[in-house]
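Colleague: I am new to this structure and should like to understand the terms applied to it. May I ask for the reasoning behind each of them?

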Amino acid sequence: MTKILVAEDDKLISNSLCDALRAQGYEPSAAFDGEETLSKVKEIHPDLLLLDIMMPKLDGIGVMWELKANKEISDIPVVVLTNMGDMETISKILDAGATDYLL
């Protein structure tokens, strides 16, 4: 089963995403801040990371830089979930190594 880690600090959004993914046959897990996200990525090695940019403790950009610096987890695809669609933010997201992003 495909493992997807949902990194989102808003529990309502996180629960909704996890429920929808579970209904489609995926195995979702949740993390609610950047530090927990890094810990869970190392623990479960998900097939995909859905990552919010605005999170406590370590933001999504910081999480991506940490992921890409660690050879054991740098290959995990990251799709960023954000409501910030300005070109500067999108450029930072892609420069940090995101596979793609969803507005």
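Modeller: The following exchange takes up the sheet, the charged pairs and the backbone of this predicted model.

Colleague: What is the order of the strands in the open sheet, and how do they pair?

Modeller: The sheet is open and has five strands in the order S2-S1-S3-S4-S5, with parallel pairing. Neighbouring strands are turned by 20 degrees against each other on average, direction ignored.

Colleague: What makes S2 and S5 edge strands?

Modeller: Strand S2 (27-31) and strand S5 (100-102) each have a single partner strand, so one side of each is left without a neighbour in the sheet.

Colleague: How do you know that S3 is paired with S4?

Modeller: Two strands count as paired when there are at least two bridges between them. Strand S3 (residues 48-52) and strand S4 (residues 78-81) run parallel and are joined by four bridges, so the criterion of at least two is met. Leu51 has Val80 in S4 as its bridge partner, and Asp52 is bridged to Leu81 in S4.

Colleague: How many bridges link S1 to S3?

Modeller: Strand S1 (residues 3-7) pairs with S3 in the parallel sense over four bridges. Within this pairing, Ile4 stands opposite Leu48 in S3.

Colleague: Why is S3 described as largely enclosed?

Modeller: Four of the five residues of S3 are buried, so the strand is largely enclosed by the rest of the structure.

Colleague: Which strands does helix H3 touch?

Modeller: Helix H3 (residues 60-69) packs on the sheet and touches S3 and S4. The direction of H3 makes about 150 degrees with that of S3.

Colleague: Turning to charges, why is the pair of Asp19 and Arg22 called a salt bridge?

Modeller: The cut-off between the side-chain nitrogen and the carboxyl oxygen is 4 Å. For Asp19 and Arg22 the closest N and O atoms are 3.2 Å apart, so the pair is within 4 Å and qualifies. These two residues are three apart in helix H1 (residues 11-23), and are thus separated by about one helical turn. The structure holds four salt bridges.

Colleague: What makes Asp19 and Arg22 partly exposed?

Modeller: The class lies between under 20%, which is buried, and over 50%, which is exposed. Asp19 has a relative accessible area of 49% and Arg22 one of 45%, so both count as partly exposed.

Colleague: How do you know that Lys57 and Asp33 form a salt bridge?

Modeller: Their closest N and O atoms are 3.7 Å apart, which is within the 4 Å cut-off, so the term applies. Lys57 lies in the loop between S3 and H3, whereas Asp33 lies in the loop between S2 and helix H2 (34-44), so the pair ties together parts that are 24 residues apart in sequence.

Colleague: Are Lys57 and Asp33 buried or exposed, and what places each in its class?

Modeller: Lys57 has 62% relative accessibility, which is over 50%, so Lys57 is exposed. Asp33 has a relative accessible area of 11%, which is under 20%, so Asp33 is buried.

Colleague: Why does the pair of Lys40 and Glu36 count as a salt bridge?

Modeller: The closest N and O atoms of Lys40 and Glu36 are 3.7 Å apart, so the 4 Å limit is respected. Both residues belong to helix H2, where they are four residues apart and separated by about one helical turn. Lys40, at 24% relative accessibility, is partly exposed, and Glu36, with 25%, is partly exposed as well.

Colleague: What makes Lys11 a charge over the ring of Phe32?

Modeller: Lys11 lies over the face of Phe32 at 4.8 Å from the ring centre, and the distance limit is 6 Å, so that part of the criterion is satisfied. As for pairs of aromatic rings, the count comes to zero.

Colleague: What is notable about phi of His45 and of Lys57?

Modeller: Most residues other than glycine have a negative phi. Phi of His45, however, is near 45 degrees, a positive value, and phi of Lys57 is near 70 degrees, also positive. His45 is found in the loop between H2 and S3 and is partly exposed at 33% relative accessibility.

Terms used:
Residues numbered from 1 in each chain as written. Predicted model: local features only at pLDDT ≥ 70, side-chain atom pairs only at ≥ 80, totals over all residues. Heavy atoms only, no water. Axes fitted to C-alpha atoms, helices over the stretch in contact; angles between N-to-C directions. Contact = heavy atoms within 4.5 Å. Buried < 20%, exposed > 50% of the residue type's maximum accessible area, 1.4 Å probe, protein only. Phe/Tyr/Trp six-rings, centres within 6.5 Å; stacked < 30°, edge-to-face > 60°. Lys NZ or Arg CZ within 6 Å of the ring centre and 35° of its normal.
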